[in-house]
Amino acid sequence: MTESAEAKPRRSRVWVLLAVIVVSAAASAAITALVANIADRKVEGKSTYTQVVALTNTTYDPAVWGQNFPVQYEAYKKTAEFTPTAHSTELVPVTEARFENDPETRTETTASKIQADPRLVTMWSGYAFAIDYRHLRGHEYMLLDQQMTLRVLQKDQPGACLNCHASIPEVVATLGNGDDAAGWATMNKTPYKEVTTLATHPITCIDCHDAETMELRITRPALIEGLKALKASEGIADYDVNRDATNEEMRTYVCAQCHVEYYFAGDGKTLTFPWAKGTDIDDVWDYYTEIGFTDFTHKVTEAGVVKAQHPEFEAWSAGVHAANGVSCADCHMSYQRVGAQKVSNHDVASPMADVNASCGTCHTASEQVIKDRVTTIQNRFIESRDRALDSLTQLIAAIEKAKSDGTPADRIAAAQAYQNKASFYIDYAYSENSFGFHAPDYFQRIITESLDASRKGQLALLGVSEADMAPSDVAQANTAAILESGLK
Ligand code: HEC
Ligand code: HEC
Ligand code: HEC
Ligand code: HEC
Ligand code: HEC
């Protein structure tokens, strides 16, 4: 979480900024410069505009908003252009057709991650991700890429998938006939192939902004409920993000509507964020273990396994930028000067595409030094990640062998439980899309935990007891002290 866990209404923003400036005056010169910079940028961010059309909360078409806000609209449309990164360098041709009798096809998309890394197919054996899993790209494609993934074309999926891949307000209003809560419930449980035909746009202005005030707003029930549960776990009752969050927090929360780990709860397929114990991976793991949730049964080992997905918000929450109040928008929608105005870049992409704009406002090191720093963090992450993923695939092979060589069932059951943990932890690191950048040390802890679970799974197959694998007295005392500090 951001350090401002204590909720402040957005109206008191000016006082917050003043407080920040006063506090920073006492801090070191470097930090003063950084914080003041953050504050300046926020004040300048408030720009005036000429209203050409009246917008309401049923103006769904972004082109209409674009008449009032041409600069933001033009940048928003640029998410259709591919932005290469170090790990996703080019688009590849594809030829699938969408649904039956639908002539529309996709001619190119991002490269396949499972083709590049067959260990993923081993990890997800029996699950839809083993059929198709690709690099992400710009927001303009979120709906098309979902409609055309083999995970949808070859498997039945619930309408709940649509939550993060389309502009939702219109879909929910149509399905609920004016009752949005009912419309949302219907969308979640209706087959994906039916509800996706109601979607007319990928994410648009109305998903993040209130049409009348242009304030940021949260439109996704899963985040509203997820944050309520999270805050309750921190002792804050009845949290309402749209009422209680600061503007600074909203610059992250609008992204946390989608860039998070999630699951579909119950027969209603209710999109749910597993945060009732916290957003740290250990809290999420405890949550899933307690409710006995798994996503799939592994085809080779028959272990029940939880699949992790894009926990960008949770990882960011564990990092140094969150601790300093630096939001997703600060790096991914950095300010640009257009004429006399400073506007937020609505071409949301990798910050590495323009390091000076994204990082240079706070960091004074040269562009090359900053780039090398990011590359080093990502390279170290990949090396550690690879050790752990190799270990998991070796555990899977060992369980497969044990199932046919007369190894006792209790040993196999213990190894299956370790497989689930090793898999969830390394999957979380793999499917977070920053290659470790958002919280480097947090990811090292996660990778180590996965590696340890794979190791224990292999030992369990050999008959080593839980007692013999228990943490030492020193390790237990250290863990207790770390928990006591509240700074895990
Ligand atoms: C909580 C929000 C959320 C839900 C629900 C969701 N997605 Fe996504 N999805 C994302 C985000 C964020 C990305 C981009 C990050 C990434 O690719 O890891 C993404 C990426 C994708 C991609 C492109 C990359 C890839 O995985 O090949 C596909 C396809 C996709 N999702 C399909 C689905 C399907 C099918 C469902 C339902 C089972 C679903 N999504 C449900 C948030 C969500
Ligand atoms: C993913 C969420 C998201 C979407 C979608 C989105 N915006 Fe924004 N927008 C933001 C954020 C974050 C800010 C910064 C707000 C702040 O700091 O108060 C912002 C700021 C703005 C501002 C204030 C001036 C500025 O540039 O900082 C305008 C005007 C605006 N957006 C218009 C639009 C329009 C028009 C669209 C649709 C074409 C749109 N936005 C789509 C997140 C979004
Ligand atoms: C409605 C759900 C949703 C919201 C809200 C959302 N995203 Fe995304 N985002 C996605 C999906 C889905 C993709 C992948 C699309 C694809 O691969 O087709 C994606 C892709 C991206 C990418 C990759 C872009 C590229 O060019 O490769 C970045 C970066 C990103 N999002 C950051 C953000 C940030 C920052 C915010 C908040 C300002 C945000 N997103 C808000 C769903 C969302
Ligand atoms: C301090 C700057 C910073 C902040 C804050 C930040 N990110 Fe990132 N993000 C990065 C960098 C750097 C990368 C790595 C980009 C690359 O590899 O090209 C990245 C990668 C990503 C990617 C994958 C982009 C791609 O094109 O491959 C997504 C998605 C993303 N971030 C979403 C978020 C979300 C959501 C938040 C807030 C919860 C956030 N980021 C906060 C700097 C930041
Ligand atoms: C709004 C200001 C701001 C922006 C924008 C920003 N940073 Fe930072 N960054 C900070 C602050 C504050 C710290 C913590 C400094 C400290 O504690 O000394 C930090 C720390 C870091 C660290 C040290 C990480 C660690 O774990 O100790 C790295 C690396 C970094 N930033 C890279 C980046 C990159 C790359 C970008 C652009 C993608 C970026 N930052 C954008 C403010 C910012």
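1. Start with ligand 2 in this predicted model. Its shell has 22 residues. Cys 205, Cys 208, His 209, Ser 344 and His 346 come nearest.

2. Which side chains have an N or O atom close to an oxygen atom of ligand 2? Gln 72 is one of them, at 2.8 Å. Asn 247 is another, at 3.3 Å. Add Arg 251: a polar atom of its side chain lies 2.7 Å from an oxygen atom of the ligand.

3. Now look at where the shell around ligand 2 comes from. Four elements each supply at least two residues: helix H4 (70–77), helix H12 (205–208), helix H15 (247–256) and strand S8 (341–344). H4 gives the largest share, 3 residues.

4. What classes of residue make up the shell around ligand 2? There are 13 nonpolar, 8 polar and 1 charged residues.

5. Turn to ligand 4 and its iron atom. Two histidines coordinate the iron, His 332 and His 438. Each uses its NE2 atom, and the distances are 2.0 to 2.1 Å.

6. Why is the arrangement around this iron octahedral? The iron atom of ligand 4 has 6 donor atoms, and they subtend angles of 88 to 179 degrees. Six donors count as octahedral if opposite donors are over 155 degrees apart and all others are between 65 and 115.

7. The two histidines come from distant parts of the chain, 106 residues apart. His 332 sits in helix H19 (residues 328–332). His 438 sits in the loop between helix H22 (409–431) and helix H23 (440–461).

8. Are these iron ligands buried or exposed? His 438 has a relative accessible area of 18%, so it is buried; the cut-off is under 20%. His 332 has 27% relative accessibility, so it counts as partly exposed.

9. Ligand 1 is surrounded by 21 residues. The closest are Arg 134, Cys 161, Cys 164, His 165 and Asn 433.

10. Three of the closest residues also deserve a look at atom level. Arg 134 uses its backbone: an N or O atom there lies 2.9 Å from an oxygen atom of ligand 1. His 165 uses its side chain, with a polar atom 2.9 Å from a nitrogen atom of the ligand. Asn 433 also has a polar side-chain atom at 2.9 Å, here from an oxygen atom of ligand 1. The elements giving two or more residues to this shell are helix H7 (142–148) and helix H8 (150–153).

11. By class, the shell around ligand 1 divides into 11 nonpolar, 7 polar and 3 charged residues.

Methods:
Residues are numbered from 1 along each chain as its sequence is written. Chains are lettered from A and ligands numbered from 1 in the order in which they are written. This is a predicted model: local features need pLDDT of at least 70, side-chain atom pairs count only at pLDDT 80 or more; totals for chains, interfaces and linings use all residues. Side-chain values use heavy atoms; hydrogens and water are left out. A residue is near a molecule or strand if one of its heavy atoms lies within 4 Å of it. A polar contact is a pair of N or O atoms within 3.5 Å; within protein, one must be able to donate a hydrogen and the other to accept it, and residues adjacent in sequence count only if both atoms are side-chain atoms. Ala, Val, Leu, Ile, Met, Phe, Trp, Tyr, Cys and Pro count as nonpolar, Asp, Glu, Lys and Arg as charged, and the others, Gly among them, as polar. Donors are N, O and S atoms within 2.8 Å of the metal (3.2 Å for Na, K and Ca); water is not among the atoms, so sites may look incomplete. Four donors count as tetrahedral if all angles lie between 85 and 135 degrees; four count as square planar and six as octahedral if opposite donors are over 155 degrees apart and all others between 65 and 115; anything else is irregular. Buried means under 20% relative accessible area, exposed over 50%, partly exposed in between (1.4 Å probe, protein chains only).
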